[in-house]
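Q: Could you go through this structure with me and set each label against the definition behind it?

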Amino acid sequence: MTRTSNCNACTYYEDHVANLAKVEEDSGLCRYNPPVTQLEPDAPGLWPVVSASDWCGHFSEAHAS
């Protein structure tokens, strides 16, 4: 299977601020997938953090920016 692109080319990749409200080097948030539930019942969910060079099976040329 050939990868056509990485997370940084995905429409759903947000690279400017991660969950800790600071810029993360070479990482961002995956806005395609829902926030991840935390261990504490009253803790907010967090968007999955991914590397700009990661990839997943959801990517398609139709969704590329």
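A: Among contacts in the protein between residues at least 6 apart in sequence, 47% join residues at least 24 apart, where a contact means heavy atoms within 4.5 Å. This is a predicted model, in which local features need pLDDT of at least 70 and side-chain atom pairs count only at pLDDT 80 or more, while totals for chains, interfaces and linings use all residues. Residues are numbered from 1 along each chain as its sequence is written, and side-chain values use heavy atoms, with hydrogens and water left out.

Q: What makes up the secondary structure of the protein, from the N terminus on?
A: The elements run β-β-β, and the protein has 3 strands and 0 helices. Both kinds of element are DSSP runs numbered from the N terminus, helices being H or I with at least four residues and strands being E with at least two. Strand β1 covers residues 13–14 and β2 covers 27–30, while β3 covers 49–51.

Q: How do you know that β1 and β2 pair, and in which sense?
A: Two strands pair if DSSP finds at least two bridges between them; β1 and β2 have 2 bridges, in the antiparallel sense, so the definition is met. In this pairing E14 of β1 has L29 in β2 as its bridge partner.

Q: What joins β2 to β3?
A: These two strands pair over 3 bridges, again in the antiparallel sense. Among the bridge partners, L29 is matched with V49 in β3, and S27 with S51 in β3.

Q: Why are β1 and β3 said to stand at the edges?
A: The open sheet of 3 strands has the order β1-β2-β3, with antiparallel pairing. Each of β1 and β3 has a single partner strand, so one side of each is left without a neighbour in the sheet.

Q: Why is the pair of R31 and E14 called a salt bridge?
A: The term requires a side-chain nitrogen of Lys or Arg within 4 Å of a carboxyl oxygen of Asp or Glu. The side chains of R31 and E14 meet at 2.6 Å, N to O, so the pair fits that definition. R31 lies in the loop between β2 and β3 and E14 in strand β1, so the pair ties together parts that are 17 residues apart in sequence. A search of the whole structure finds 1 salt bridge.

Q: Is E14 buried or exposed, and how does R31 compare with the cut-offs?
A: Buried means under 20% relative accessible area, exposed means over 50%, and partly exposed lies in between, with a 1.4 Å probe and protein chains only. E14, at 18%, is therefore buried, whereas R31, at 32%, is partly exposed. Besides R31, the contacts of E14 include G28 and L29, not counting residues up to four places away in sequence.

Q: What makes a set of residues a nonpolar core, and which residues form the largest one?
A: A nonpolar core is a set of buried Ala, Val, Leu, Ile, Met, Phe, Trp, Tyr and Cys residues joined through side-chain atoms within 4.5 Å. The largest has 6 residues, namely C7, C10, Y13, C30, V50 and A52. Leaving out residues up to four places away in sequence, C30 touches Y12, W47, P48 and V50.

Q: Why is C56 called partly exposed?
A: Its relative accessible area is 33%, so C56 falls into the partly exposed class. C56 is placed in the segment after β3, and its C-alpha atom is separated by 9.1 Å from that of S5, 51 residues apart along the chain.
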